[in-house]
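Here are a few exercises to work through with the model open beside you. Try each task before reading its solution.

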Amino acid sequence: MKHDAVAVVDFGGQYAHLIATKVRRHGVLAEIRQPEDDVDAFAPYRGVILSGSPSLASQGEEQDWNKEILDLDVPILGFCFGHQEIAAHYGGTVEHGGRQWGKAALHLTGPHALFAGQPEVQPVWMSHYDSVTAVGEGFTELGYSKSADDAPDHRFAAIGSDTLRRYGFQYHPEVDDTVYGDDMIANFVLGICGCKPTWSMEAYLEEEIEKIRRQVGEGSVFLLASGGVDSTVAAALLGRALGSDRLHLLHIDNGLMRKDESAQVLQIFAALGFEGSTHFVDASDTFLKALEGLVEPEVKRRAIGDAFVQVFQAKAKELGIEDHLLGQGTIYPDTIETGGTRRSGTIKTHHNRVPVIEQLIQEGKVVEPLAELYKVEVRELGEMLGIDHEMVWRHPFPGPGLGVRLLCSEGRADRTGFEVLEPALAALAARHGLEALALPIRSVGVKADLRAYEHPALLGGDLSWDALLEAVAVITADVPGINRCIYNLAPEMPHQATPVKAYATRERLDLLREADAIVMQALTRHGLYHEIWQCPTVLVPLDLDDTGGELVVLRPVHSRRAMTAQPVRLPDAILGDLRRDLLALPGVTGLALDVTSKPPGTIEWE
Ligand code: XMP
């Protein structure tokens, strides 16, 4: 192997690949390995990192992995589930309980090479149900954590044995919210493992071009190009590897695009020199037909994904290029959230991972040159390939488009679990000086690496941002069945919410398009567009004032890789503009701001 490398053992947590990316950022090649791989497969590596997992170590849910990996004569560091497995293997105890979600403070117990140059108390990101409650001989507690200033200590947040060269962190150092996580990873791979930093993004580009040429051989590629950042960078990369005459682009207007978006997309491709090879289909009727009467998010996602394949295949047939490989700008989070690695649970089926496409992948008929990367890396690659800066830094827009931001309903209230949920919510909200209303619909979220399809709580009251976000953290952690909190922006706090019967229709989509355009223009006008990662606008079929109107929810988030996210504290000036313009839209009577982090909310609502 040309580069010093470490192995990341993928137990199927959301973050295994993110760990590899973070390691590569330090110039060290990191490769994903499976927990049942033979120890011989680990011979090339100078260190091993064990990822988190949706399984519970306390329940012995992941017993069948190859524990000989723990006997390798290299340093090993485990995160979350990996940390618990290390603790248990060397005589410690792991118990079900002590769960933490989101931010906590790590308190170091003394100096250690892993924490060199870091403060004694620092923010870390937690997402776990199980906890280490005792460590075996030779191990010491390197740090404990607290979820709030007055909360009890969570012991063994970081543990280690320098003699064995085995270490564990209960938190996730790989997510951006663990502020010094990058330094911890660097201290491990460069310091404790002694790797030399020789890997780079330029090296990745060269290797990827070779890989594409090998896979495509003499053939050609037909790329599904939504015009988002990913598919545009994929087009540029495939163009570089194959030449534009062996690449056809297909842009589909699925009726779920933003206002005037398809026209802009076609201009972008023309500017990139793909004018002659770009094809366009207005398939909005096909998609709307496929979505008719659907409500359940996963069913809607699949219908959209299938419609993409249907339109794509029809167009390929019409052009007589059915033998071309299908190109997609799939990036890593798309595959992991669909349960794309063997052990990950499905959180959302991304449009480019529906069963028909999985089948084509099995047959070797799909090219996805970005499938190993996260958005920041795609953007870096885009800039290296000479794509315009503004284009590369546009907000991400999901493949199923407004389809995942237009909630649908049969018009029946979903009050599952409300007997327990409502009193718990009322009590906690009151303790924080808030009014609260549990909403009888559900949205997708993620808790401890698993999909959580649960209720949002609408909160009202006059609180500082800090107090509000603290209340949200407590409510989503402690009220069973709540994975998201939204904050009322309408003049009055509603006291009841009635679902209205509503499906994916052109009228509702047009309304959402208008609302979205108002939000995007306001962000640009207030100089905030590039300050934030993304801001979905969501149309929720809930009548809050008995007029039959719907609720609009704004979801501005800060993020770097979309695996975790923080709600944006929008200034009063823009909130005033949005309140005025959105509540003036006919059919919109409710307005709220999503104030949930990810986890437990996801960025999109479905
Ligand atoms: P979530 O909602 O899972 O979203 O927190 C993470 C990021 O992925 C985008 N997203 C998608 N992108 N196809 C895509 O190309 C999809 O099906 C899809 N679903 C979510 C989302 O906008 C966010 O940036």
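Two residues are in contact when they have heavy atoms within 4.5 Å. Keep in mind throughout that this is a predicted model.

**Exercise 1. Find which residues Leu523 touches, leaving out those up to four places away in sequence.**

Solution. Start from Leu523 and apply the contact cut-off of 4.5 Å. Setting aside residues up to four places away in sequence, you should arrive at His395, Leu528, Tyr529, Ile532, Cys535, Leu570 and Ile574.

**Exercise 2. Place Leu523 in the largest nonpolar core, and say where that core draws its residues from.**

Solution. First, the size: this core has 76 residues. Next, its best-connected members: Leu523, Leu554, Leu570, Leu578 and Leu582 have the most contacts inside it. Then look at the contributors: helix 15 (residues 506-525) supplies the largest share, nine residues. Finally, turn to the domains: domain 2 (201-398) and domain 3 (409-594) each give at least three residues to this core. Apart from it lies another core, of 62 residues, which includes Ala87, Met201, Val216 and Ala241.

**Exercise 3. Explain why Cys195 and Cys485 form no disulfide.**

Solution. Recall that a disulfide is a covalent bond between the sulfur atoms of two cysteines. The cut-off to apply is 2.5 Å between the sulfur atoms. For Cys195, the closest cysteine sulfur is in Cys193, 5.2 Å away, so the pair is too far apart for a bond. For Cys485, the closest cysteine sulfur belongs to Cys535 at 18 Å, which is also too far for a bond. Searching the whole structure gives zero disulfides. As a last step, check the surroundings: Cys195 counts as buried because its relative accessibility is 4%, and Cys485 counts as buried because its value is 0%.

**Exercise 4. Decide whether the radius of gyration of the protein agrees or disagrees with that of a compact globule.**

Solution. Begin with the expectation: for 606 residues, a compact globule would have a radius of gyration near 25 Å. The protein has 24 Å, so the two agree. Now add the dimensions: along the principal axes, the C-alpha atoms fill a box of roughly 65 × 65 × 40 Å. Buried residues make up 62% of the 606 residues. Of the contacts between residues at least 6 apart in sequence, 76% join residues at least 24 apart.

**Exercise 5. List the domains and the secondary structure elements.**

Solution. The domain assignment gives domain 1 (5-192), domain 2 (201-398) and domain 3 (409-594). Taken over C-alpha atoms, the centres of domain 1 and domain 2 are 35 Å apart. Counting elements across the protein gives 16 helices and 25 strands.

Methods: Residues numbered from 1 in each chain as written. Predicted model: local features only at pLDDT ≥ 70, side-chain atom pairs only at ≥ 80, totals over all residues. Heavy atoms only, no water. Buried < 20%, exposed > 50% of the residue type's maximum accessible area, 1.4 Å probe, protein only. Domains from an automatic or database assignment. Helix = DSSP H or I, 4+ residues; strand = E, 2+ residues; numbered from the N terminus. Rg over C-alpha atoms; globule rule 2.2 N^0.38 Å. Core = buried A, V, L, I, M, F, W, Y, C linked by side-chain atoms within 4.5 Å.
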